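Let's take a friendly look at how aromatic rings meet in this structure. The sequence and the model come first, and the ring contacts follow.

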Amino acid sequence: RDGRFEEAIGLLAQVGTVGRAELILLQADALLCLERPAEALRLLPPAPPADEDGVAVPPRTAARWYNNRGCLLVCASLLAEAEAALLRAVELAPDEAEYRFNLSLLHWRAGERRQACEGWLVFRGHPADATAATYRRLAGETTPRAADAEGAQSHASGALHASQAAALDRLALRYFEELRSSEEFPGYWDARREVAHGSHEPGIALY
């Protein structure tokens with residue numbers, strides 16, 4: 001398998017990749033598959049190059065460039081730069097699930113968990129203001145099931161697997177279930193206190 005990636009890198013070197021963003025992306029992909037992310041990152045400067053005629057790359061190609069660069073920056077632990085690149089990818093291709101997935105995963109790993117979950121849930125069409133019970137139900141209904149998931153990982157290339165999207169769905173839904181539960185719990189007991197104080201029934205002690 002590694003031999004095929006090495007062969008691809010050699011062929012791309014023969015063809016030449018200067019000013020050819022799609023070929024540079026392929027070369028970086030091959031290096032990443034060979035577990036050489038630092039070399040791959042050196043191929044992807046902060047912005048994709050124009051072609052030999054000075055024409056800018058199409059938005060979809062540019063979005064992939066920023067996404068892949070963002071993933072490689074995560075590998076290098078350059079999280080602020082990675083976030084900027086992934087935000088640009090999402091801006092250029094807002095309907096691409098893998099770019100939003102990578103951005104949400106970065107926010108989660110950086111400790112920005114509410115931002116990660118809210119951004120993903122809104123993208124997936126889930127409500128951002130539902131009750132804990134609703135989020136619990138939605139998490140339980142999410143498919144494919146966890147046993148089928150491949151595990152959450154960032155995507156430098158290729159389509160996002162349905163099981164990985166579902167895994168992040170469940171993570172975000174359960175996060176918001178816990179968040180809403182913590183918000184609803186004090187209100188529930190406040191209401192119980194009011195009922196108890198108004199009823200004058202003996203034997204009720206609320207703390």
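In this predicted model, Arg-4 lies over the face of Phe-5, 5.8 Å from the ring centre. That is a contact of a charge with a ring; the contacts of rings with rings come next.

The structure holds 5 aromatic pairs. A pair of aromatic rings is described by the distance of the centres and the angle of the planes. Two of the pairs share Trp-120, and the table gives their values.

| Pair | Centre to centre | Angle between planes | Geometry |
|---|---|---|---|
| Phe-101 and Trp-120 | 5.8 Å | 80° | edge-to-face |
| Trp-120 and Phe-123 | 5.7 Å | 35° | tilted |

What does the edge-to-face pair of Phe-101 and Trp-120 tie together? Phe-101 belongs to helix H6 (residues 97–109) and Trp-120 to helix H7 (residues 113–123), so their pairing connects parts that are 19 residues apart in sequence. The tilted pair stays inside one helix: Trp-120 and Phe-123 both lie in helix H7, 3 residues apart, which is about one turn of the helix.

Are Phe-101 and Trp-120 buried or exposed? Both of them are buried. Trp-120 has 0% relative accessibility and therefore counts as buried. Phe-123, in contrast, has a relative accessible area of 26%, so this residue is partly exposed. The cut-off behind this reasoning is that buried means under 20% relative accessible area.

Elsewhere in the sequence, ring pairs join Trp-108, Tyr-135, Tyr-175 and Phe-176 into a cluster.

How values were computed. Residues numbered from 1 in each chain as written. Predicted model: local features only at pLDDT ≥ 70, side-chain atom pairs only at ≥ 80, totals over all residues. Heavy atoms only, no water. Phe/Tyr/Trp six-rings, centres within 6.5 Å; stacked < 30°, edge-to-face > 60°. Helix = DSSP H or I, 4+ residues; strand = E, 2+ residues; numbered from the N terminus. Buried < 20%, exposed > 50% of the residue type's maximum accessible area, 1.4 Å probe, protein only. Lys NZ or Arg CZ within 6 Å of the ring centre and 35° of its normal.
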